[in-house]
Amino acid sequence: FEGISLRYSQREVLVNHAYIQPRLGENAFVNALPTQDDRFNFSFHNIRFGGVNIRKLPDEYLRAEMMTIGRSSFKVYRDLARPRDKKNRVGYYPHQVLDDIPFKFNIKKVIINNSFIEYKERNHITRQAGQVQLYNVNGTITNFTNDKYAPNKVMRSIINSNFLNKTPLKTNWTFYLFHPKGRFDVSGTMGAIYGKDVNQLAEPMGPASIKEGRFNGLTFDMHGNDYSMNGSVKFLYE
């Protein structure tokens, strides 16, 4: 964290920059591990907490009306050539790992502006990496909390982005906090995109190649938990 300041009279906490920066490059990170793992590279700029309950801060409880993030970058890298571990992944959805954060927080609304998300995966067959990229990510999260005693147990998120910088992607998430089976709902829509534009993912990660065609749109409405997912998907193409 860099540039943390507290404005007591205005009930604000400001953070100029917060980041998780890898100590090793991609290849060195992979070679240092016996099994697959994710390499995180996160960066957040101009974070502002408004309407902060200042008296709760000494008790390691962050309660605020609003959190805004000016610009951020989320990058994740994984190499599939390494063997998978035997770890059970049940209980590791985003709304479930909030419990692992070592302090309590309750933020009524989070606003994310002009951010970038990338998941980069190196295939074990092609030994090439595909990059799932979302540009111009803007969204809101309501009832962002890990307080089990908070009255509202539902967290909602609306995220708008540009998939591969080619077509709009809009998603709506509902997370049922502290649900014993990690219940969540997700729905969304994606616009049209030419098949060849998807080859930057399909060829290294498939491996497959799309010679011609057009995806005219995608809509989905899914309901899931730790063990299953069901719902509907409508995929239009030529």
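Guide: A residue is called buried when its relative accessible area is under 20%. The model before us is predicted, and this cut-off will serve us when we turn to one arginine.

Visitor: Which secondary-structure elements does the protein chain have, and how many of each?

Guide: The protein chain contains three helices and 12 strands. Its C-alpha trace extends over about 60 × 40 × 35 Å along the principal axes.

Visitor: How should I read burial across the chain, and what share of the 238 residues is buried?

Guide: Of the 238 residues in the protein chain, 39% are buried. The surface can be read alongside this: the protein chain exposes about 14,300 Å², and carbon and sulfur atoms account for 53% of that area.

Visitor: For contacts between residues at least 6 apart in sequence, what percentage joins residues at least 24 apart?

Guide: Within that set of contacts, 59% link residues at least 24 apart in the protein chain.

Visitor: How are the charges arranged, and how far apart are the mean positions of the positive and negative ones?

Guide: The protein chain carries 33 positive and 22 negative charges, and their mean positions lie 3 Å apart.

Visitor: Let us take the arginine. Where does R78 lie, and is R78 buried or exposed?

Guide: R78 belongs to strand β4, which covers residues 61-79. R78 counts as buried because its relative accessible area is 10%, and the cut-off is under 20%.

Visitor: Which residues does R78 touch, leaving aside those up to four places away in sequence?

Guide: R78 touches Q36, D37, D38, R84, Y119, K120, E121 and R122. With one of these, Q36, there is also a polar contact from side chain to side chain, at 2.8 Å.

Visitor: How does one read strand pairing, and in which sense do β9 and β11 pair?

Guide: One asks for the sense, the number of bridges and the residues that stand opposite each other. Strand β9 (residues 184-190) pairs with strand β11 (residues 214-224) in the antiparallel sense, over seven bridges. Here G188 stands opposite F220 of β11.

Visitor: Over how many bridges do β10 and β11 pair?

Guide: Strand β10 (residues 193-194) and β11 pair over two bridges, in the antiparallel sense. Opposite R214 in β11 stands Y194.

Visitor: What do β11 and β12 form?

Guide: They form a hairpin, with four residues between β11 and β12. The pairing of β11 with strand β12 (residues 229-237) is antiparallel and runs over nine bridges. Within this pairing, L236 in β12 faces G217 as its opposite residue.

Technical notes: Residues are numbered from 1 along each chain as its sequence is written. This is a predicted model: local features need pLDDT of at least 70, side-chain atom pairs count only at pLDDT 80 or more; totals for chains, interfaces and linings use all residues. Side-chain values use heavy atoms; hydrogens and water are left out. Buried means under 20% relative accessible area, exposed over 50%, partly exposed in between (1.4 Å probe, protein chains only). Contact means heavy atoms within 4.5 Å. Accessible areas come from the Shrake-Rupley method with a 1.4 Å probe; for residues, only the protein chains shown count as cover. Lys and Arg count as positive and Asp and Glu as negative; His and the chain ends are not counted. The place of a charge is taken as NZ of Lys, CZ of Arg, CG of Asp or CD of Glu. A polar contact is a pair of N or O atoms within 3.5 Å; within protein, one must be able to donate a hydrogen and the other to accept it, and residues adjacent in sequence count only if both atoms are side-chain atoms. Two strands pair if DSSP finds at least two bridges between them.
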